[in-house]
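Reader: I should be grateful for a close account of the part of this structure where the two chains meet. Please treat it as one connected description.

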2 protein chains.
Amino acid sequence: MAKRTSLKDIAQLVGVSTALVSYVLNNKRENRISKAVAQKIRKAAQELNYQPNQIAKSLKTNKTRTLGLLVADIANPFFSSLARYIEDEADRQGYTLIFASSDENPQKFRKLINTLLSRNVDGLLIAPPEGTQDQIIQLQQQATPFVLIDRYFPDLRTSYVALDNHQAIYLATEHLIRSGFRRIGMLTFQTELTHINERTRGYRSALNDHQIPFKKRWLREISRSNLIPEVAKAIHELTAGHNPVEAIVFASNTLALCGLRQLKSQSIRIPDNVAVVSFDETDINDLFHSPLTYVRQPLQEMGQLATRILLETMSANNRITQANLPATLVVQASTQPLAVSLLD
Amino acid sequence: MAKRTSLKDIAQLVGVSTALVSYVLNNKRENRISKAVAQKIRKAAQELNYQPNQIAKSLKTNKTRTLGLLVADIANPFFSSLARYIEDEADRQGYTLIFASSDENPQKFRKLINTLLSRNVDGLLIAPPEGTQDQIIQLQQQATPFVLIDRYFPDLRTSYVALDNHQAIYLATEHLIRSGFRRIGMLTFQTELTHINERTRGYRSALNDHQIPFKKRWLREISRSNLIPEVAKAIHELTAGHNPVEAIVFASNTLALCGLRQLKSQSIRIPDNVAVVSFDETDINDLFHSPLTYVRQPLQEMGQLATRILLETMSANNRITQANLPATLVVQASTQPLAVSLLD
């Protein structure tokens, strides 16, 4: 990179001392300097395209006006949309974002946290993978400002912004029940992550509240590391045999995407053969042959709220804020009620 | 944030001078220090969770090991997937990424460039909006290392990594012609951006090479600021009347998404009523009622190559590299040939 303009360059051009240039460019008031000189200095700074050295400033203030954003995968539309809302809110407050993807891998997560901290980010927005509770505790002990997003650890007193996951899937399951479906399957992840297990709990609560016995074989827990074959097997088993399910709830956008591919490959018609509730706002929902009913997360509110809480935390406010925002259910054709005659 | 561990803290714990701690932690070789002392210092640094101050280091080296990534919109799956590949390559080389979305707005773009430079990024990966040629020239004059991605300005000698846009749409159009379609419409953007206009040129070249007269009313140039109504109007006019088109090529994923919604709302069947070539790898392609033929960009190669060229440029290599990578066409049901009888 070419040598950047220094205060000295400006001083030489104007014919004043470097100290005077520094004083003028770093202070809003300059009562003690003649206005003409101050103007000359500002003009020279502009002509020479002087950029204040943010690094030098950062060393002094110990602030970089940069936030770290640690997601599972920036290419997942849930995270890229959330990132966009966080970016907009951070920008409004004068912050930029460094992002990184952990791939749900605790080792990679640990490495990325250290990298972000070594870049002296002022705070972190984190979607922690399974098995990273210790890392989060360490951040607390170091008093690093952070807010968890999407996921959280119920045993830890940390700030977080997440979905009301129980309510979200309760809503989806109850909608299916009220539409006349009784044999309702669910695809979820096999995980210790609370946000996913809350979704499963929502499914079971809704069944229970409507006196539908829970059947273990209708709840399929998929391993992330073996996604495609396990989803294929689950869909196959849920839809085959004497007692196929009438409806399927997907606990995440990844599971929905994968499950819909499998349903399509089996030529299973939606909702004729099986009703479907998808998860998250995706381009598929409206363009699918039978537009999909889906659980909508309030991404904009989540992104804005998480960013605002983080900025508050950074300004030495130690209050813990925990938010589980409600989901809405967008009802479309994929959960159209069974023919009225069947319900009579 | 709690006080971070300083060299002094380590020095006090071990009972040596701060200078000695600094010497041990900053040097790989420590011939002149007893191994036992050096080990004690390293152990203390670990126990106190000492993090070297990257800002102080940055001030010395004038390097932050951070790259700026300026896209149109990180929530667009093209950019979030590309960002992911860039992230992976940057990470392999020890760099993190600050990202920002310009929304195709030259004023916002200018502001974001300045913000990223004020964060002292070591280099920039930029998808420039229309009307930002002057900004790019200014970066050149400042000798800021950068590589353009996705878009470029043919009049400027800058490094860039983009698609071979002419070849991409030529391929799509020729495929339609060879499948028996003659009345082929195209939806593109009204823009001065070269990468889009090259796509239009590819469409016209393919028609020309196959002796199909170009019809102005079949090429619809959509304004980004009025996307939905203009796409609706274009699709309506292309598919209505006595002389509807038999096939439509979309010049971008945004146009395809919007166009497919319109086709769906008009209950136009694909490929029975009209064949369609979509753009970019999206979740819709395979899940659409009739799986979509689409232009596939080599995102991984693009991301890797752009990052590598940028890192070379940063290491004082002034060579300009311009790459237009070839697209592939993924052929699926949406461009299934017309019934053989019609071709006879």
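Author: Buried area is the accessible area, taken with a 1.4 Å probe, that two parts lose on being put together, summed over both. In this predicted model, the area buried between chain A and chain B is about 5300 Å², and carbon and sulfur atoms give 54% of that area. The contact draws 61 residues from chain A and 61 residues from chain B.

The polar side of this interface may be taken next. Between chain A and chain B the rule finds 8 salt bridges. One of the pairs joined by a salt bridge is A:Asp73 with B:Arg84, whose closest N and O atoms are 2.8 Å apart. That spacing counts because a salt bridge requires a side-chain nitrogen of Lys or Arg within 4 Å of a carboxyl oxygen of Asp or Glu. In addition, 26 residue pairs across the interface of chain A and chain B are in polar contact, both residues being at pLDDT 80 or more.

Which elements of chain A supply this surface? Two or more residues each come from helix H4 (54–61), strand S1 (66–71), helix H5 (77–92), strand S2 (96–101), helix H6 (106–118), helix H11 (253–265) and helix H12 (283–287) of chain A. H5(A) gives the most to the side of chain A that touches chain B, with 7 residues. By residue class, the side of chain A that touches chain B divides into 25 nonpolar, 20 polar and 16 charged residues.

The strands deserve particular attention. S2(A) is joined by 3 bridges to strand S2 (residues 96–101) of chain B, and these two strands run antiparallel. Within this pairing, A:Phe99 has B:Leu97 in S2(B) as its bridge partner. S2(A) is also joined to S1(A), here by 6 bridges, and that pair runs parallel. A:Phe99 of S2(A) stands opposite A:Leu69. Strands of a sheet pair through backbone hydrogen bonds, either parallel or antiparallel.

These pairings belong to an open sheet of 12 strands with mixed pairing. Its order is S11(A)-S5(A)-S4(A)-S3(A)-S1(A)-S2(A)-S2(B)-S1(B)-S3(B)-S4(B)-S5(B)-S11(B). At the edges stand strand S11 (322–325) of chain A and strand S11 (322–325) of chain B; each has a single partner strand, so one side of each is left without a neighbour in the sheet. From one strand to the next, the twist averages 20°.

Some backbone details complete the description. Most residues other than glycine have a negative phi, and most peptide bonds are trans. B:Glu104 is not a glycine, yet its phi is positive, at about 60°. B:Glu104 lies in the loop between S2 and helix H6 (106–118) of chain B. In chain A, a cis peptide bond with omega of about 0° joins A:Ile270 and A:Pro271; A:Pro271 is placed in the loop between H11 and strand S9 (275–279) of that chain. In chain B, a cis peptide bond joins B:Ile270 and B:Pro271, again with omega of about 0°, and B:Pro271 is placed in the loop between helix H11 (253–265) and strand S9 (275–279) of chain B.

How values were computed
Residues numbered from 1 in each chain as written. Chains lettered and ligands numbered in written order. Predicted model: local features only at pLDDT ≥ 70, side-chain atom pairs only at ≥ 80, totals over all residues. Heavy atoms only, no water. Contact = heavy atoms within 4.5 Å. Polar contact = N/O pair within 3.5 Å; in protein donor to acceptor, adjacent residues only side chain to side chain. Helix = DSSP H or I, 4+ residues; strand = E, 2+ residues; numbered from the N terminus. Nonpolar A, V, L, I, M, F, W, Y, C, P; charged D, E, K, R; others polar. Pairing = 2+ DSSP bridges. Axes fitted to C-alpha atoms, helices over the stretch in contact; angles between N-to-C directions.
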